[in-house]
Amino acid sequence: MESEIMLLGLVALGGGLTVALIGLAYLLLRLREAETRLHEKEDQHQGILDRLQENEYRLRTIIESEPECVKLQAADGTVLEINPAGLRLVDAGRPEDIIGRKIYEVVAPEYQAIYRENMRRVFAGESVVYEFRSTTLKGRTCWMETHAVPLRDARGEVYALLGITRDTTEHKWAEEQGRRHQTELARVARLSTMGEMATGLAHELNQPLAAIANFARGCIRRLRTGEVVPAELIEPLEEVCEQAERAGEIMRHVRDFVRKSEPRMTAVDINQVVRSVVKFTEHETRQHETVVTLQLAPQQPRVWADSIMIEQVVCNLVRNAVEAMAETRSQRREILIRTVPHDGDIVEIEVVDTGPGIDETVIDNVFDQFFTTKTEGVGMGLSISRSIVESHGGSIRAESRAGGATFRFTLQAIPVKLSRDERRYSLHS
Amino acid sequence: MSDATVFIVDDDQAVARSLRWLIETVRLKVETFASAQAFLDGYDASKPGCLVLDVRMPGMSGLELQERLAARRAYHVPIIFITGHGDVQMAVRAVQAGAYDFVEKPFNDQDLLDRIQRAIVFDAEQRGKEVQRAQLRALFASLTPREREVLDRVVEGLSNKAIANTLGLSAKTVEVHRAKVMEKMQARSLSDLVKMAMQNSSVTS
């Protein structure tokens, strides 16, 4: 019985063992499976890591080989990272020469404030483009343009500025040269205008001076011979005074014309401007035997303008007409200046000549800078005229017809009420 | 000379008036014109004097007025041009085209008046010569064709005999014609006659 029990016990034990073994084996199997899966996961992770690394490597290669400067900056301007192009741009020999230092060290003093403001905007989330002058670590001065965007972390907070910076020195220099060139041309144009004016002025002043001398000499001669009663001298002496005033008027005009000043806007009577230009260009029109006719609409509304500038426009148009007719030896040399009435709020001025007209192929170019058909022209007159007219809110155009050219430009008229106020003002002043 | 008139053409009325005031001090008559056309329309060619002309004027210029006067093929008063400073080329052109003189602005009053006086004297001389020439032309016109033929040969220096031979006349007839020519031409001597003939040919040629 005992042996049976033992046997049973053994059997039971054996069975239990077997079950345990099976269970153990099962566990081991599961464990192995888990391990395999774990390995698979690890492999997967490794793959991701590898790819990440690969990506980073690729990005870094791109950035490193990027010809423009690429850099990361912290909010306080500390340079976090910079590529080799960036190092070259700021004349840094090694990365540590600039990394960890403030970008402001290479920003020119006058651009510090602008730079800070742009930094602030990027860290507020904006993308900006800004230009500044830089003094590199070696003290070289150059111009730079930066396109900057914010870099955000996982929570969306801006933690750095990513900037791509380009050296614009050469571009800037070319621009500067262009501007200087233009200024120079404008100066030349101004000088040549002034040269012409000086000649015109000499001739123009000769008239009243000759008259003054003649009247005065006539008086002296009569006084010497005693064949004159004092009252007879009043009229010629008054003429002397008038001619002196005429000379003074010419001088005043030249002074106004030459004076370099900000536009002085007043309510301008366009008819008055035309009359004064005719007077002022009388020498040139006389010299080229040109007849100037005026058709001025009465009761024109006034225009809000710098009268000297508008005079310059009319003057340029008259001068062009005179020269066009002189160069082609036109038989009839006539200039008609009209002020054309308009119902609306526009005043129109027309300068019509009897010259050769304008070739159709170039009529669209006549207002271009440096465009000229004259042998010694600079091509500034009409271009300047257009900018003056446009700055006054008007427009200018050229037309060619059989037997001459017509230039007309418009100016904004002042509503009648204001015009009256202005008139009242000028009466009291 | 007091009957001489100074014609002034200047579009600048103040200058024209001042010239009048100055020129009247030497007791000359003055007429002013505001344009070349006005002068052409109103000028009386029979009046002696001179023309003071502004070279540059709108419309018809002084030079053009000079051309128009020349084109009339009749005597006109001598022209004094008034030129602006630096108009030397124009002045040269004017003088080449027959202008009497020019003054450059600004001018000295005495200088201008002197030139005006000289021009007036020149005008009087020209008018005198013009009268002589007219008289001479009248004398020549009074000769018969035959007398002209004889005169032409006398002037050539041919003898009466030679003239008779070339014209197929008798020496006697030539002598009669010759005396008639001397009489009609009011010539006192042969040299007188030759001079007149030369003057006339210079006028007519």
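Axes here are lines fitted to C-alpha atoms, for helices over the stretch in contact, and angles run from 0 to 180 degrees between N-to-C directions. Keep that in mind for the exercises below, which all use a predicted model.

**Exercise 1. Find how α7(B) and α8(B) are placed relative to each other, and list the residues that meet.**

Step 1. Take helix α7 (residues 160-167) and helix α8 (residues 171-184), both of chain B; their axes come within 8 Å and cross at roughly 110 degrees.

Step 2. Angles of 65 to 115 degrees count as roughly perpendicular. The two helices, α7(B) and α8(B), are therefore roughly perpendicular to each other.

Step 3. Now look at the residues. From α7(B) come N160(B), K161(B), I163(B) and A164(B), and they meet A171(B), V174(B), E175(B) and R178(B) of α8(B). Sorted by class, this contact has four nonpolar, one polar and three charged residues.

**Exercise 2. Work out the strand order of the open five-stranded sheet in chain A, and say which strands stand at its edges.**

Step 1. Start with β1(A), which pairs with β5(A) in the antiparallel sense over five bridges. On its other side, β1(A) is joined to β2(A) by three bridges, again antiparallel.

Step 2. Use K71(A) as a marker. This residue stands opposite G163(A) in β5(A), and its bridge partner in β2(A) is I82(A).

Step 3. Move to β3(A), which eight bridges join to β4 (residues 141-152) of chain A; these two strands run antiparallel. Here T135(A) stands opposite T141(A) in β4(A).

Step 4. Write down the full order: β2-β1-β5-β4-β3 in chain A, with antiparallel pairing. Since β2 (79-82) and β3 (128-135) of chain A each have a single partner strand, they stand at the edges, and one side of each is left without a neighbour in the sheet. From one strand to the next, the twist averages 30 degrees.

Step 5. Add the helix. Helix α3 (residues 112-123) of chain A packs on the sheet and touches β3, β4 and β5 (158-167) of chain A, with a direction at about 145 degrees to that of β3(A).

**Exercise 3. Describe the two faces of β1(A) and the turn that leads to β2(A).**

Step 1. Split strand β1 (residues 69-73) of chain A by face. C69(A), K71(A) and Q73(A) lie on the covered face, while V70(A) and L72(A) lie on the uncovered one.

Step 2. Follow the chain onward. A hairpin is formed by β1(A) and β2(A), with five residues between them. In the turn, G77(A) has a positive phi of about 95 degrees.

**Exercise 4. Decide whether Q412(A) is buried, partly exposed or exposed, and trace its surroundings.**

Step 1. Locate Q412(A): it is found in strand β12 (residues 404-412) of chain A.

Step 2. Count neighbours. A buried residue needs 20 or more other C-beta atoms within 10 Å, and an exposed one has 12 or fewer. With 16 such atoms within 10 Å, Q412(A) is therefore partly exposed.

Step 3. Check what Q412(A) touches beyond four places in sequence: V303(A), W304(A), D345(A), I346(A), H392(A), G393(A) and G394(A). R302(A) is 110 residues away from Q412(A) in sequence, yet the C-alpha to C-alpha distance is 8.6 Å.

**Exercise 5. Identify the largest nonpolar core and the element that gives the most to it.**

Step 1. A general point helps first: in soluble globular proteins, nonpolar side chains tend to be buried together.

Step 2. The largest core has 42 residues, and among those with the most contacts inside it are V303(A), V313(A) and A321(A). Elements giving two or more residues include α6 (270-280), β8 (303-306), α8 (307-327) and β12 of chain A. The most comes from α8(A), with twelve residues.

Step 3. Zoom in on A321(A). Apart from neighbours within four places in sequence, A321(A) is in contact with I335(A), V351(A), D353(A) and G355(A).

Step 4. Note a second, separate core of 41 residues, which includes V240(A), L28(B), V55(B) and M57(B).

**Exercise 6. Characterise the side of chain A that touches chain B.**

Step 1. Count the residues: 24 of chain A are in contact with 19 of chain B.

Step 2. Assign them to elements. Those giving two or more residues are α4 (169-225), α5 (234-258) and α7 (282-287) of chain A, and α4(A) gives the most, with 15 residues.

Step 3. Sort by class: this side of chain A has nine nonpolar, nine polar and six charged residues.

Key: Residues are numbered from 1 along each chain as its sequence is written. Chains are lettered from A and ligands numbered from 1 in the order in which they are written. This is a predicted model: local features need pLDDT of at least 70, side-chain atom pairs count only at pLDDT 80 or more; totals for chains, interfaces and linings use all residues. Two strands pair if DSSP finds at least two bridges between them. Helices (H or I, at least four residues) and strands (E, at least two) are DSSP runs, numbered from the N terminus. Two residues are in contact if their C-beta atoms, placed from the backbone, lie within 7 Å. Ala, Val, Leu, Ile, Met, Phe, Trp, Tyr, Cys and Pro count as nonpolar, Asp, Glu, Lys and Arg as charged, and the others, Gly among them, as polar. Angles under 35 degrees count as roughly parallel, over 145 as roughly antiparallel, 65 to 115 as roughly perpendicular and the rest as oblique. A nonpolar core is a set of buried Ala, Val, Leu, Ile, Met, Phe, Trp, Tyr and Cys residues joined through C-beta atoms within 7 Å.
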